[in-house]
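Here's a quick look at one sheet and one loop residue. Have the viewer open as you read.

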Amino acid sequence: MIQGGGIGGGAIDGVVNLYVIDDATRQPISGAAVQVGTIDGTTDATGLFVATGVTGKQDVLAVAS
């Protein structure tokens with residue numbers, strides 16, 4: 001979990017583009033469950049999840065088997 005925003009810890013304003021990748025292989029993970037604040041979804045075939053309408057600091061969570 002990344003608490004309070006992105007890598008730099010700054011506020012989020014509008015859109016979050018989040019890629020989920022495997023730490024060991026550096027390959028994208030499709031179908032990962034993602035939560036940005038109260039917005040839930042899954043990653044696409046490229047490991048991307050886009051959350052819109054997001055403002056301020058958010059908790060980000062990604063889960064994949």
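What follows covers the ground rules, the sheet and then a threonine.

## Ground rules

This is a predicted model, where local features need pLDDT of at least 70, side-chain atom pairs count only at pLDDT 80 or more, and totals for chains, interfaces and linings use all residues. Residues are numbered from 1 along each chain as its sequence is written, and side-chain values use heavy atoms, with hydrogens and water left out.

## The sheet

Three strands (DSSP E runs of at least two residues, numbered from the N terminus) make an open sheet in the order β3-β2-β5, with antiparallel pairing. Pairing here takes at least two DSSP bridges between two strands. β3 (39-42) and β5 (60-63) are the edge strands with a single partner each, so one side of each has no neighbour in the sheet. From one strand to the next, the twist averages 15° (axes are lines fitted to C-alpha atoms, and angles run from 0 to 180 degrees between N-to-C directions).

Strand β2 (residues 33-36) is joined to β3 by four bridges, and the two run antiparallel. V34 has G41 of β3 as its bridge partner.

## T43 in the loop

T43 sits in the loop between β3 and β4 (48-56). T43 is buried (under 20% relative accessible area with a 1.4 Å probe, protein chains only), at 5%.

Its side chain makes polar contacts (N or O atoms within 3.5 Å, one able to donate a hydrogen and the other to accept it; sequence-adjacent residues count only if both atoms are side-chain atoms). The T43 side chain reaches the backbone oxygen of I29 at 2.7 Å, and a polar atom of that side chain lies 3.0 Å from the backbone nitrogen of G31. Leaving out residues up to four places away in sequence, T43 touches (heavy atoms within 4.5 Å) V20, I29, S30, G31, A32, V34, L48 and F49.

Note on methods. Buried < 20%, exposed > 50% of the residue type's maximum accessible area, 1.4 Å probe, protein only.
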